[in-house]
Amino acid sequence: MKKIEKIRHSLAHILAYAVQKLYPGVKFGIGPAIENGFYYDFELPRKITQEDLPKIEETMRKLLKEGIEFKKKILKKEEAEKIFKDQPYKLELIKEIEGENVSIYESGEFIDLCAGPHVKSTKEINPEIFKLVKIAGAYWKGSEENPMLTRIYGIAFETKEELENYLRIQEEIEKRDHRVLGQKLELFLFDSEIGAGLPIWMPKGAILRKLIQDFLFEELKNEGYEWAVTPHIGNLNLWKTSGHWELYRENMYSPIKIDEEEYLLKPMNCPFHVKIYKSKIRSYKDLPIKYAEFGTVYRYERSGTLHGLTRVRGFTQDDAHIWCTPEQLPNEIEKLLKHGLKILKTFGFKEYNIYLATRPEKFAGTEKMWKKAMVVLKYVLRKRHLNYQVDPGGGVFYGPKIDIKIKDCLGREWQCTTIQVDFNLPERFDLTYVDKKGKKKRPIMIHRALLGSIERFIGVLLENTGGALPLWLSPEQIWIIPIGSRHKKYAKEIDSRLQLLGFRCQLRDENETVSKKIREGEIQKIPYMLVVGDKEMKSKTVRVRQRQKGDIGEMKLAEFIEKVKNEIEKKT
RNA sequence: GCCAGAGUAGUUCAGUGGUAGAACGUUCCCUUGGUAAGGGAAAGGUCGUGGGUUCAAUUCCCACCUCUGGCUCCA
């Protein structure tokens, strides 16, 4: 184990020691080292808030300076149970440990059930290298069935400089928060009167969405997709047939009752696409059949899980469903993976993790079907030399899936691309195709979203770029700034020419100084600003300022147009 | 859903048991300015919603809604 991990783990014990001193009667949960720091879970005799943290921190520093030693002891379980007789969570842990013995660590007056390792003495820990950062609730053993404990998070590094650096980066990251950027750049907003998790898209955000959708539309052209448009609500009967009413109800908005009928807002698009498949007799020659849709779905996510655009209740999936023969399955999955990764790369996402999610407890289809599909998915992943992790039990009830999670600037992973095999719907809706011998066969169905949802994808895209979207995605690409009122006419000419060529530009001819407009343009992350005055008017040029680079010089308009055209085409 | 914190002008925030203030933004006027804030004036708030306590509530109490940080869950 690395030294810093020992330090973090030891600090968790010191945190618990300090809390024990300050709040007698506290019950201890667990306290591990984690990435960048540590935490400890407590059941406290009274509420604590953020304001209590400095006091706890101070107590910890005092303890560190005392040079407390970490002493390991191996005890029989019965002896340990005596020591922890007032600690119900520790007793529970002792019961779960295999074997007859358990190890404990004694540090001063604090004893913890712990496998270690630790530093020898707190003298090895510089009191300046840690900080308690937040308080949060956390279920005992991570299960909702269990009581909620109070978790105190701390961060710790080997040196003070590293700690300060980390805090600085956190500050920087906060500035990239897509929720803040969304407001500043006037892309989207939430309104409590509309409802939780229901974003509305303002003009600039609407352009961004359209640009992404247009791009995908073009991308899918060569992949054999056809497009569909389906309603936002469907009769309850449809959802009973599909199995959603039975297995997905808790994630759905309550039914809309009208006369004697009940309707549900769609949480998925699949049953509708299934209906298109079913509208004709299908031959093996027709397969694979692919229907794509920007389908807006509504899921009643639990209130506490909502987060900006990355977790909402109403969102638009870049959804598609594919029906194929078992023989076609490996090839189709491979194409999807290849295409999905290519698209992510176009948007600048190079860091991601791939997960293969296996059968959950509740599942449709037979174990044999699941096994077969898993073999195919694994085969394709290996064939494409993609590293993946297994997510045990993480599959959807209807089939196993491959998820691609992209990393945002916080290092958080966000599930975007998902490729799911479905054994359920073909059965439930009795989907068939006619094979070579004229016999009816069951097709395999694949669900797939490459970006996942437009909302989440834009959220992650904003954090990844800090709001400085590439030129091809910028809602406003070019500002034209005349210096004085006598340059307005020339500026307007340029604006008209650029507009005509399809660039998204704005003539900023209001009575403000050039500096002010440039400042505003930088804040708005405008990729290019063209400043025109006497000189430019005379030589028929524009002075170009590029985002984050500053003034890049004077050029002929045609030259500038060539430059940006090129940049847009390359999508850089 | 659970634990904790929060909700005051378009935004960021200050403030108070006697119905409110700043900065930025917005609008108008002056300024015609060469690469990150020119000057002035004005408009703008049932202090999240509903109850309760009180002579009086934005302020205290309760419920709900929404947001934030986590837990759990997910595209």
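Start at the surface near RNA strand B. Its residues divide into 18 nonpolar, 23 polar and 21 charged. In this count Ala, Val, Leu, Ile, Met, Phe, Trp, Tyr, Cys and Pro are nonpolar, Asp, Glu, Lys and Arg are charged, and the others, Gly among them, are polar. Select the 62 residues around RNA strand B, then highlight Gly137, Ser303, Gly304, Gly452 and Gly533, which come nearest. A residue is near a molecule or strand if its C-beta atom, placed from the backbone, lies within 6 Å of it. Now colour helix α16, residues 514-523. With seven residues, α16 gives the most to this surface.

Keep in mind that this is a predicted model, where local features need pLDDT of at least 70, side-chain atom pairs count only at pLDDT 80 or more, and totals for chains, interfaces and linings use all residues. Residues are numbered from 1 along each chain as its sequence is written, while chains are lettered from A and ligands numbered from 1 in the order in which they are written.

**Zoom out to chain A**

Show the C-alpha trace. Along its principal axes, the trace of chain A spans about 85 × 75 × 55 Å. Switch to cartoon: chain A has 18 helices and 28 strands. Helices (H or I, at least four residues) and strands (E, at least two) are DSSP runs, numbered from the N terminus. Of the 572 residues of chain A, 35% count as buried. Buried means 20 or more other C-beta atoms within 10 Å of a residue's own, exposed means 12 or fewer, and partly exposed lies in between, with C-beta atoms placed from the backbone. Among contacts between residues at least 6 apart in sequence, 69% join residues at least 24 apart. A contact needs C-beta atoms, placed from the backbone, within 7 Å.

**Colour by domain**

Use three colours: domain 1 is 3-175, domain 2 is 180-465 and domain 3 is 471-570. These bounds come from an automatic or database domain assignment. Measure from domain 2 to domain 3: their centres, taken over C-alpha atoms, are separated by 40 Å. Five residues from domain 2 and five residues from domain 3 make the contact. On the domain 2 side, four are nonpolar, none is polar and one is charged.

**Stop at Ile4**

Go to helix α1, residues 3-22, where Ile4 lies. Is Ile4 buried or exposed? Ile4 is partly exposed, because 17 other C-beta atoms lie within 10 Å. Leaving aside neighbours within four places in sequence, Ile4 is in contact with Phe157 and Glu158. Next pick Lys72, 68 residues from Ile4 along the chain; their C-alpha atoms are separated by 19 Å.

**The eight-stranded sheet**

Follow the open sheet in the order β11-β15-β16-β23-β20-β19-β17-β18; the pairing is mixed. Strands pair if DSSP finds at least two bridges between them. The edge strands, β11 (226-227) and β18 (389-391), each pair on one side only.

Begin at the β11 edge. β11 runs parallel to β15 (residues 289-298), joined by two bridges. Select Glu226 and its bridge partner in β15, Tyr291.

Move to β19. Six of the seven residues of β19 are buried. Six bridges join β19 to the antiparallel β17; here Leu356 has Ile402 of β19 as its bridge partner. Towards β20, seven bridges join the antiparallel pair β19 and β20. Pick Asp403 there, opposite Thr418 in β20.

Add helix α11, residues 329-346. It lies across β16 (314-324), β17 (352-357), β19 (401-407), β20 (413-422) and β23 (444-453), and runs at about 5° to β23. Axes are lines fitted to C-alpha atoms, for helices over the stretch in contact, with angles from 0 to 180 degrees between N-to-C directions.

**The five-stranded sheet**

Which order do the strands of the next open sheet take? The order is β25-β24-β26-β27-β28, with mixed pairing. Its edge strands are β25 (505-507) and β28 (550-556), each paired on one side only. Neighbouring strands of this sheet are turned by 25° against each other on average, direction ignored.

Select β24 (478-482) and β26 (528-532): the two run parallel and are joined by five bridges. Ile481 stands opposite Val531 in β26.

Finish with two helices. Helix α15 (488-500) lies across β24, β25, β26 and β27 (541-546), at about 165° to β24. Helix α18 (557-570) lies across β26, β27 and β28, at about 120° to β28.
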